[in-house]
Amino acid sequence: MGFILGNNADHQSNNIIRKHNVHQASDTCNVAKRGRYLSIDHEEIGVLSICEVRVLKLPFDQIGYGKPVEVSKRETTTDPNYGRRDQLSDNQLIFDTFSDSMPNPWIRLDLEDSYFIRELGIFCHPTVAQLVDLAIKIGHSLVDGGRANPSCAEHQNIDYSGGKAFFCRMKGRYVVLTLEKVTTRLRVHEMVINPTHQQNHAESLTPEIFPATCTTGVSGFCWTNRLTDNVPEPGGYVTTVGNNGNWLRLNLGMATSVGKIMIANVVPDPYKEQLIDFELRVGDSLDNNGNSNPLCLDGLQSMLGKKIESFYCSPPVTGQYVNLNQRTTDKRLILSEIAVYSDFEPKMKDRFGKERQLWRGIGESIVLSCEAYDQPTPVVSWIKDGVILVTDSSTLEINSATVEDSGVYECWANSTLGEEYMPFHVNITSDVRPCAESIEIELDLGNLETSYPEIFGNKWYRFYDTTSNNYLKEKPNLAALTKSNHSDEDVRPRPAISMKVKADHALFNHILLTETDIQDSSQCMIMCALKSTCQSFNYSDKEKVCELNGSTKQKHLEDFLPRVGYHYFMKGKGVVNKRFAGDL
């Protein structure tokens, strides 16, 4: 079977870009070729049966672009371009990334947040004979370099000068490539994660730019056609400083629905950090050079610290002209690529700024909310432990929460173009647990000027005197210590722990509340202090369990019984010097 690519409608006049037998469920040829027509030629007599043909172009609009990479062991070399880790997911087939020869070598891409990974493409260098017995791991673990994560694929072979697509449909932050049970060097040319397959309406268009004078002296710049060649780097355009602001305008040729504008700012020094304070506008008017058309999204945008960024028009805006209007007058208009799409995959609003760790008390009501947008409109669902709870709703309500309601709730947005999810970690506990954390402060009471801690009224404190080597049973003179505006009474100091009455004993039949995963008896003591009905508590350092009691040993001596691993404490101001005292 041959793959034929070229610009001639008669495929026999085009070039064969790859010729081999296909036995895998999916296979990818080296797509770093140009042409209009792609043909698949079956040279033998028989039936040509193909499930799907998908043509992908390098580079991709993909979530792995520019993300950090680690390898199991780096080779020692003076060549800065040899084994470059920043080139693994740069959308180009130029440099390799590889590890030094060692047992079970690996290369790990960090996406810097958890994503649903539906598609993964791996490309080899022409000089690499073959990747043999490759395994792909995806997950959230860094154990064994990430090789302990679940498998997307195992025992895979990728031919030289080619690649392969893997459809994983897995969640994770880390994507790890590894060669199992061999001692060799792992060498990969390019890796792409969740590539975009939508049509780029700006491709091959020549944008109009103001000021038209381009700064020279940078190789590959001052070529306007480089801005829409679907390659973020190298090459681009740098204007001079515009006295009335700089702008770029794309003429799409007809009124087009614009849902996403992707901008790449992969530029060398000294031109970095210049593309800031700009608007993105879409419309049909040329008044004010198109800079008065409707905004794609509100406010001024920035590429500060970013190599590539996608900006979403929600809802999509229709127009013939797309304008990038830089409002600041002391910066240059500089970019290396701009792309325009109508449809786009689902995106969560505030994905990185949303409160995703929630602590709530038993009996409280909780409302989880997430908002997704794309074109076409996604279906939003809520999932916990693999079970769909709600479909077609952006909110999830939990009434009268119990401890069993704790867990990870996932908000999923699905459309025909892909999916994205956002996890919420919900912790249901007693009303006193979130306030049980404390801070230890060392004091030299003989010289407070040299021991001047910062104290705030919303914390619990344990004060330790370094002169006497003891915890303070009473709070010190906070007027001399407090840096905040809180009064002396606002600050809530407490000793290290209440006095341990008897080891391996506990009070039975009077437990008000049980909390697990309590790391220290001082936390248990603080929870007892916060709960007005608590009079004593039992704590197990081995099991990390805190039990708050509604009575005392003195009132119910018959219920004070032996219990291995537990200790009984009174609710009081006595302290145990934990740094030096043994078991009492």
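**Strands and nonpolar cores in a predicted chain**

The chain's secondary structure amounts to one helix and 41 strands, taken as DSSP runs numbered from the N terminus (helices H or I, at least four residues; strands E, at least two). The model is predicted: local features need pLDDT of at least 70, side-chain atom pairs count only at pLDDT 80 or more, and totals for chains, interfaces and linings use all residues. Residues are numbered from 1 along each chain as its sequence is written, and side-chain values use heavy atoms, without hydrogens and water.

User: What percentage of the contacts with a separation of 6 or more is between residues 24 or more positions apart?

Analyst: A contact means heavy atoms within 4.5 Å. Among contacts in the chain with a separation of 6 or more, the share from residues 24 or more positions apart is 73%.

User: Which strand supplies the largest share of the largest nonpolar core?

Analyst: Such a core is a set of buried Ala, Val, Leu, Ile, Met, Phe, Trp, Tyr and Cys residues joined through side-chain atoms within 4.5 Å, buried being under 20% relative accessible area (1.4 Å probe, protein chains only). The largest one has 27 residues, with I122, I136, V175 and I193 making the most contacts inside it. Strands giving at least two residues each include β4 (69-71), β9 (130-139) and β12 (170-179). The largest share, five residues, is from β7.

User: Which residue of β29 is the bridge partner of S381?

Analyst: Strands pair if DSSP finds at least two bridges between them. Antiparallel β28 (residues 379-384) and β29 (residues 387-391) are joined by four. In β29, S381 is bridged to T391.

Methods:
Buried < 20%, exposed > 50% of the residue type's maximum accessible area, 1.4 Å probe, protein only.
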